[in-house]
Amino acid sequence: MNATEIFKNIGDTLEARKEASPSSSYVASLLHKGEDAILKKVAEEAAEVLMASKDKDRLHLVREVADLWFHSMVLLAHHGLRAEDVVMELKRREGISGIDEKASRTQG
Ligand SMILES: N=c1c2ncn([C@@H]3O[C@H](COP(=O)(O)OP(=O)(O)OP(=O)(O)O)[C@@H](O)[C@H]3O)c2ncn1[C@@H]1O[C@H](COP(=O)(O)O)[C@@H](O)[C@H]1O
């Protein structure tokens, strides 16, 4: 299974969890708690990424980034968006130098 298929499968699961009972699923319970609870998890996971990076523990870092990506996907689902929307934005940016893009924003 490639990354695109994994993102799609998780996105489909998150969508299905909107109809699931909060007692039966972590995602359903988080979606049920609402935006503030999801944002709190995203912030917590981002902080854990920082700590894992400082620990110089590569496996720990991969696991924390997975937690951050996953909770970001739950946030996207809350807003009716999917990982594929973020991938499309990254694709749109492909080949556009960050330096050139920043310069175009500061001109005129
Ligand atoms: N990828 C994940 C995933 N990554 C992390 N987590 C959960 O995210 C939670 C957050 O972890 P923390 O490190 O903050 O630990 P915690 O203290 O237990 O969390 P809190 O009680 O503070 O929320 C843990 O319960 C993890 O199990 C995930 N839960 C679900 N998924 C995917 O979502 C699908 C649906 O999950 P359910 O809705 O639970 O069936 C699963 O099949 C997976 O594909």
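Two residues are in contact here when their C-beta atoms, placed from the backbone, lie within 7 Å. Keep that idea in mind as we walk through this structure, which is a predicted model.

Let's start with the whole chain. The protein chain contains 6 helices and 0 strands, and along the sequence its pattern reads α-α-α-α-α-α. Its radius of gyration is 17 Å, well over the 13 Å that the globule rule gives for 108 residues, so the chain is more spread out than a compact globule. If you draw a box around the C-alpha atoms along the principal axes, the box comes to roughly 50 × 35 × 35 Å. Buried residues account for 10% of the 108 residues. As for contacts between residues with a separation of 6 or more, 47% of them join residues 24 or more positions apart.

Now let's look inside. The largest nonpolar core is made of 8 residues: Leu14, Val27, Leu30, Leu31, Ile38, Met73, Ala77 and Ala83. Helices α2 (26-33) and α4 (58-78) each bring at least two residues to this core, and α2 gives the most, with 3 residues.

Helix α2 deserves a second look. Which of its residues are buried? They are Val27, Leu30 and Leu31. Looking down the axis of α2, you would find these buried residues within an arc of 100 degrees, so they line one face of the helix. What do they pack against? The buried residues of α2 pack against α1, α3 and α4. Leu31 makes a good example to find in the viewer: beyond its neighbours within four places in sequence, Leu31 is in contact with Arg17, Lys18, Val74, Ala77 and His78. After α2 comes Gly34, which has a positive phi, near 100 degrees.

The next stop is the ligand. Around it you will find Ile10, Thr13, Arg17, Ser25, Tyr26, Val27, Ala28, Glu44, Asp67 and Phe70. Helices α1 (3-17), α2 and α4 each supply at least two residues of this shell. Sorted by class, the shell has 5 nonpolar, 2 polar and 3 charged residues. Two names in the shell may sound familiar: Val27 and Arg17 both surround the ligand. Val27 is also listed in the largest nonpolar core, while Arg17 is also in contact with Leu31.

Let's finish with two individual residues, beginning with Glu64. This residue lies in helix α4. Is Glu64 buried or exposed? Glu64 has 21 C-beta neighbours inside 10 Å, and a residue is buried if that number is 20 or more, so Glu64 counts as buried. Not counting residues up to four places away in sequence, Glu64 touches Glu45, Glu48, Val49 and Ala52. You can also compare Glu64 with Ala47: the two are 17 residues apart in sequence, and their C-alpha atoms are 9.2 Å apart in space.

Our other residue is Lys56, found in the loop between α3 (35-55) and α4. Lys56 has 8 C-beta neighbours inside 10 Å, and the limit for an exposed residue is 12 or fewer, so Lys56 counts as exposed. Its backbone is worth a look too: the phi of Lys56 is near 60 degrees, which is a positive value in a residue other than glycine. Gly34, by contrast in residue type, is a glycine with a positive phi.

Definitions and conventions
Residues numbered from 1 in each chain as written. Predicted model: local features only at pLDDT ≥ 70, side-chain atom pairs only at ≥ 80, totals over all residues. Core = buried A, V, L, I, M, F, W, Y, C linked by C-beta atoms within 7 Å. Helix = DSSP H or I, 4+ residues; strand = E, 2+ residues; numbered from the N terminus. Near = placed C-beta within 6 Å. Nonpolar A, V, L, I, M, F, W, Y, C, P; charged D, E, K, R; others polar. Arc of directions from axis to C-beta. Rg over C-alpha atoms; globule rule 2.2 N^0.38 Å.
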